[in-house]
Amino acid sequence: MARRAVLFGLDGVLFGPGLQHFLGSCERDCALPRNFLQKVMFAGGADSPYAKAMRGQITLSQLFSEMEEGCRQHASASGITLPPTFSVTRAFKGMAAEGTVNAPLLRAARVLRRNGFKTCILTNNWVDDSAGRLFTATLMNLLRRHFDLVIESCRLGARKPDPEIYAYALDALQAKPQEVILLDDIGENLKPAQEMGMATVLVRDTETVLKELEELSGVQARRGEEPLPTACDPSNVTHGYVPIRPGVQLHFVEMGHGPVVCLCHGFPESWLSWRYQIPALADAGFRVIALEMKGYGESTAPPDVKEYSQEQICKDLVVFLDKLGIPQAVLVGHDWGGAVVWNMALFYPERVRAVASLNTPYRPADPSVDIVEKMKTYPAFDYQFYFQEPGVAEAELEKDIGRTLKVLIRSTRREVGVGLRVDLGAVPLVAGGLLVGFPETPPASQILHGPELRYYIQRFEKSGFSGPLNWYRNMRPNWRWALSAKDRKITMPALMVTAGKDVVLHPRMSRGMEEWIPQLHREHIEECGHWTQMERPAALNRILVEWLEGLPPDTPLPKISRL
């Protein structure tokens with residue numbers, strides 16, 4: 001029978017070192033006999049303080065109290081003097097301060113999940129009411145984003161190795177024992193699972209565990225190529241709607257807690273373009289807001305072309321932040337979203353803590369030549385002139401939305417079926433439109449397919465392409481507005497990420513940005529085309545998280561009023 005589910009222990013498996021390691025450290029620091037604390041914690045077997053805490057009969061604070069009393073009694077009976085500074089909580093604080101998530105095992109879980117396996121955390125855990133309970137909340141919140149299911153003993157009244165908890169897990173997974181693999185670092189916890197018919201792995205070192213997991217699952221969990229990060233699902237994420245003014249609202253998706261990072265997508269995309277970045281940035285401790293830009297999906301698409309000028313888009317974004325009560329945010333943009341975040345940094349710097357752009361460079365407006373004439377000198381931008389006449393490009397792009405998206409949104413790697421060129425600037429404009437010459441039924445895109453492609457199609461069926469195309473129909477208004485700030489500099493911390501295979505927004509276009517952006521930090525992904533968030537999500541996530549974590553700390557909000 002094929003295996004299709006994996007149960008991961010938490011303490012000592014996905015998170016480590018385990019509690020027993022820190023109990024041992026506490027014993028050594030306090031000059032106590034080896035296993036002194038473990039004897040107290042497990043004294044009484046099924047009625048021990050530990051067993052009661054794992055079943056949820058007592059809370060973690062009560063476990064501390066019972067252990068403190070048990071330590072005093074055991075020390076007195078054994079002729080041991082406890083140090084004046086002795087505290088059981090030291091071991092638990094050490095675990096919170098020094099413990100880490102096992103990144104290779106977490107990556108393996110992601111690979112298994114993407115290969116159709118159900119993944120579940122099965123953990124002996126306590127109800128944490130202690131002063132350090134935020135640690136438990138943060139850890140469990142993070143892990144729930146990466147697993148299909150989390151089963152905690154304290155919520156069930158049963159703990160490993162009680163057979164009931166394994167039966168509960170099988171029922172929750174709707175799986176037979178022969179279809180399940182269990183990973184745990186305690187042999188006693190594996191025995192009931194083995195007797196039921198599950199495959200088991202005793203966790204000692206990570207490399208051996210990964211090898212055994214590959215053999216049992218048939219999935220290459222140690223592959224050289226980094227697996228795709230966890231993506232968020234539109235049906236399982238928080239959606240919000242902000243009324244900007246009568247007839248205009250902006251839709252967004254939100255995840256996480258911490259300093260605000262606002263993500264702005266480009267053409268022809270969706271907030272879902274950031275599906276790999278949203279969980280990663282939330283895991284890193286940020287409140288992530290992914291906008292659906294005006295004209296797209298569930299954000300409104302006003303018919304007036306002026307609504308899509310950069311000036312109006314930025315005014316709307318300021319209102320958006322106001323209505324969410326966000327004084328300042330880090331803005332990250334891609335493609336047209338990159339233009340938006342540069343303009344926000346230029347015209348509303350007080351609202352921008354830091355700014356990052358993917359692919360889209362910043363260049364001050366040039367007053368010496370009309371923008372339309374200048375654009376005509378760049379063959380890569382010919383498609384933008386095709387977009388100018390209302391109704392023409394709409395008719396072509398809306399005729400078969402699935403085909404449109406499969407042709408345009410592709411990786412730079414040679415895709416299966418045909419070697420489709422993917423960047424708009426690489427598409428030769430011939431009589432009949434943008435998509436002429438491409439297959440009527442293009443092969444699936446490696447970076448946008450399945451449920452994600454269906455979601456995109458549904459969004460464009462709702463909004464159409466007029467709104468997105470109207471962004472291109474403001475060349476001169478955008479230029480005139482930019483001219484008013486041509487001598488300004490962008491002084492807050494900034495990040496420019498270039499992609500080596502983007503033929504429209506080529507890295508060379510970003511040369512000289514440091515003259516206008518003194519705090520510019522650069523990163524480059526060579527093997528990447530235009531769709532950076534989807535084509536190289538793991539590399540991009542590392543870049544964004546490292547840059548964000550290196551920013552100066554948030555300034556405390558001024559207490560202007562206590563109304």
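Buried here means under 20% relative accessible area. Keep that cut-off handy for the tour, and remember that the model you have open is predicted.

**Stop 1: Lys160 and Asp184**

Select Lys160. With a relative accessible area of 4%, Lys160 is under the 20% limit and so is buried. Now add Asp184, which comes in at 2% relative accessibility and counts as buried as well. Between these two side chains there's a salt bridge, with the closest N and O atoms 2.6 Å apart. The pair links distant parts of the chain: Asp184 sits in strand E6, while Lys160 is in the loop between helix H8 (153-156) and helix H9 (163-173), 24 residues apart.

**Stop 2: Glu152 and Arg144**

Next, pick Glu152 and Arg144. Their side chains meet in another salt bridge, at 2.9 Å from N to O. What about the surroundings of each partner: buried or partly exposed? Glu152 is buried, at 5% relative accessible area, whereas Arg144 is partly exposed, at 43%.

**Stop 3: a salt-bridge network**

Jump to Asp316 and Lys294, whose side chains form a salt bridge of 2.5 Å, N to O. Asp316 belongs to helix H13 (residues 310-323) and Lys294 to the loop between strand E11 (287-292) and H13, so this pair ties together parts that are 22 residues apart in sequence. Both residues are buried. Before moving on, add Arg245 and Glu307 to the selection: salt bridges with shared partners join Arg245, Lys294, Glu307 and Asp316 into one network. How many salt bridges does a search of the whole structure find? The count is 26.

**Stop 4: helix H6**

Select residues 103-114 to bring up helix H6, which has 12 residues. From first C-alpha to last, H6 reaches 17 Å, close to the 16 Å expected at 1.5 Å a residue.

Start at the front end, where a side-chain oxygen of Asn102 comes to within 3.1 Å of the backbone nitrogen of Leu105. Then colour the buried residues of H6: Leu105, Leu106, Ala108, Ala109, Arg110, Val111 and Leu112. Arg110 is worth a click, being the arginine on that buried list.

What covers those buried residues? Show strand E1 (5-8), strand E3 (100-101), strand E4 (118-123), strand E6 (180-184) and helix H11 (206-217), which are included in the cover. You've already met E6, the strand that holds Asp184. Just after H6, stop at Gly116, which takes a positive phi of about 95°.

**Stop 5: Ser130**

Follow the chain on to Ser130, in the loop between E4 and helix H7 (133-144). Ser130 counts as buried, at 9% relative accessibility. Turn on the side chain of Asp128 too: a polar contact of 2.6 Å joins it to the side chain of Ser130. Which residues does Ser130 touch, leaving out those up to four places away in sequence? Select Leu60, Ser61 and Phe64 to see them.

**Stop 6: the largest pocket**

Finish at the largest pocket, which holds about 1,200 Å³ of space. Its lining is made up of 46 residues, and the closest to the pocket centre are Pro361, Ile371, Met375, Phe381 and Met509. Centre the view on those five names, then show the helices around the lining. Helix H14 (336-347), helix H15 (371-375), helix H16 (382-386) and helix H21 (475-483) each supply at least two lining residues.

Conventions: Residues numbered from 1 in each chain as written. Predicted model: local features only at pLDDT ≥ 70, side-chain atom pairs only at ≥ 80, totals over all residues. Heavy atoms only, no water. Helix = DSSP H or I, 4+ residues; strand = E, 2+ residues; numbered from the N terminus. Expected span 1.5 Å × (residues − 1). Buried < 20%, exposed > 50% of the residue type's maximum accessible area, 1.4 Å probe, protein only. Contact = heavy atoms within 4.5 Å. Polar contact = N/O pair within 3.5 Å; in protein donor to acceptor, adjacent residues only side chain to side chain. Salt bridge = Lys/Arg side-chain N within 4 Å of Asp/Glu carboxyl O. 1 Å grid on protein atoms, 1.4 Å probe; cavity = no way out; pocket = protein on both sides within 12 Å on 5 of 7 lines; lining within 4 Å. Points joined across faces, edges and corners; volume = space filled by probe spheres on them.
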